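Colleague: I should like to go through the assignments in this model one at a time. For each, please set the value against the criterion and then conclude.

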Amino acid sequence: MRRRRTARLRLTLWYGGLVFATGVCLLLLNFFLVERSLTSDAEHLRTAVQRRVAQQAVVEPSAGQPFQGFLRDLNQLSGPMFTTAQASLVKEALSRLMLQSALALPVVTLFSLGVGWVMAGRTLRPLSEITATAQRLSEANLHERI
């Protein structure tokens with residue numbers, strides 16, 4: 001004979017399942033958005049770095065000096081070499097993102113199960129009291145109200 005799960009347990013499992021499912025959707029969406037933002041073309045990245053160095057040189061002229069050599073090296077990099085380096089960095093960043101997300105999701109899901117258990121108990125407490133009172137009633141004490 002199979003024992004039926006309590007309403008509290010079923011509600012808790014629903015809460016946890018919903019948090020897990022929405023967490024997976026959120027993490028996948030986040031992964032694809034981050035991947036998209038990191039995989040812009042090499043020329044765009046080179047231009048962004050040059051613009052940033054130029055802004056720093058305008059704000060603080062002496063600060064731009066150390067970056068001039070870096071800018072020269074950056075401009076001398078061939079397209080394929082720069083793209084390969086960029087792809088390697090993107091792959092590493094996305095790998096880290098997936099690992100950290102994979103570690104965070106179970107923690108959040110376990111936390112939501114705990115919160116769900118407490119909330120289901122609070123929500124079902126009046127129903128438990130009504131059920132207990134109804135079970136206590138008999139012909140001898142029909143005057144008692146539920």
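Colleague: Why is phenylalanine 31 called buried?

Modeller: The model is a predicted one. In it, phenylalanine 31 has a relative accessible area of 15%. Buried means under 20%, so phenylalanine 31 is classed as buried.

Colleague: What makes phenylalanine 32 partly exposed?

Modeller: The relative accessible area of phenylalanine 32 is 48%. Buried requires a value under 20% and exposed one over 50%, with partly exposed in between; phenylalanine 32 therefore counts as partly exposed.

Colleague: How many aromatic pairs are counted, and what makes the rings of phenylalanine 31 and phenylalanine 32 an edge-to-face pair?

Modeller: The count comes to one aromatic pair. The ring centres of phenylalanine 31 and phenylalanine 32 are 5.5 Å apart, and a pair requires centres within 6.5 Å. Their planes stand at 75°, whereas edge-to-face applies over 60 degrees, so the pair is edge-to-face.

Colleague: How do you know that glutamate 92 and arginine 96 meet in a salt bridge?

Modeller: The N to O distance between the two side chains is 2.4 Å. The criterion asks for a side-chain nitrogen of Lys or Arg within 4 Å of a carboxyl oxygen of Asp or Glu, so glutamate 92 and arginine 96 satisfy it. The count for the chain comes to one salt bridge.

Colleague: Why are glutamate 92 and arginine 96 separated by about one helical turn?

Modeller: Both lie in helix α4 and are four residues apart, which means a separation of about one helical turn.

Colleague: Are these two partners buried, partly exposed or exposed, and which values decide the matter?

Modeller: Glutamate 92 has 41% relative accessibility, and arginine 96 has 48%. Partly exposed covers values between the 20% and 50% limits, so glutamate 92 is partly exposed, and arginine 96 is partly exposed as well.

Colleague: What places threonine 109 among the buried residues?

Modeller: Threonine 109, in helix α4, has a relative accessible area of 12%. With the limit for buried at under 20%, threonine 109 is therefore buried.

Colleague: What does the side chain of threonine 109 reach, and which residues does threonine 109 touch beyond four places in sequence?

Modeller: The side chain reaches the backbone oxygen of leucine 105 at 2.9 Å. A polar contact needs N or O atoms within 3.5 Å, so the distance to leucine 105 meets that limit. Leaving aside residues up to four places away in sequence, threonine 109 touches Gly16 and Phe20.

Colleague: Which residues form the nonpolar patch on the surface, and where does the largest share come from?

Modeller: The patch consists of Leu9, Leu13, Phe111, Val115, Trp117, Val118 and Met119, with about 630 Å² of accessible area together. Helices α1 (7–38) and α4 (79–136) each supply at least two of its residues, and α4 provides the largest share, five residues.

Colleague: How do you know that valine 118 and methionine 119 are accessible enough for that patch?

Modeller: Patch residues need over 30% relative accessible area. Valine 118 has 45% and methionine 119 has 41%, so both pass that limit. Each is also partly exposed, since these values lie between 20% and 50%. Valine 118 is found in helix α4, as is methionine 119.

Colleague: How far apart are valine 118 and arginine 8 in sequence and in space?

Modeller: They are 110 residues apart in sequence, while their C-alpha atoms lie 9.0 Å apart.

Colleague: Why is asparagine 30 called partly exposed?

Modeller: Asparagine 30, a residue of helix α1, has 33% relative accessibility. That value is not under 20% and not over 50%, so asparagine 30 is partly exposed. The C-alpha atom of asparagine 30 is 9.9 Å from that of methionine 98, 68 residues apart along the chain.

Colleague: Finally, what is the secondary structure of the chain, and what percentage of its residues count as buried?

Modeller: The chain has four helices and zero strands, and 18% of its 146 residues count as buried. Among contacts with a separation of 6 or more, 74% join residues 24 or more positions apart.

Conventions
Residues are numbered from 1 along each chain as its sequence is written. This is a predicted model: local features need pLDDT of at least 70, side-chain atom pairs count only at pLDDT 80 or more; totals for chains, interfaces and linings use all residues. Side-chain values use heavy atoms; hydrogens and water are left out. Patches are made of residues with over 30% relative accessible area and no salt bridge: like charges are joined within 9 Å, nonpolar side chains (Val, Leu, Ile, Met, Phe, Trp, Tyr) within 5 Å. Accessible areas come from the Shrake-Rupley method with a 1.4 Å probe; for residues, only the protein chains shown count as cover. Buried means under 20% relative accessible area, exposed over 50%, partly exposed in between (1.4 Å probe, protein chains only). Rings of Phe, Tyr and Trp (its six-membered ring) pair if their centres lie within 6.5 Å; planes under 30 degrees apart count as stacked, over 60 as edge-to-face and the rest as tilted. A polar contact is a pair of N or O atoms within 3.5 Å; within protein, one must be able to donate a hydrogen and the other to accept it, and residues adjacent in sequence count only if both atoms are side-chain atoms. Contact means heavy atoms within 4.5 Å.
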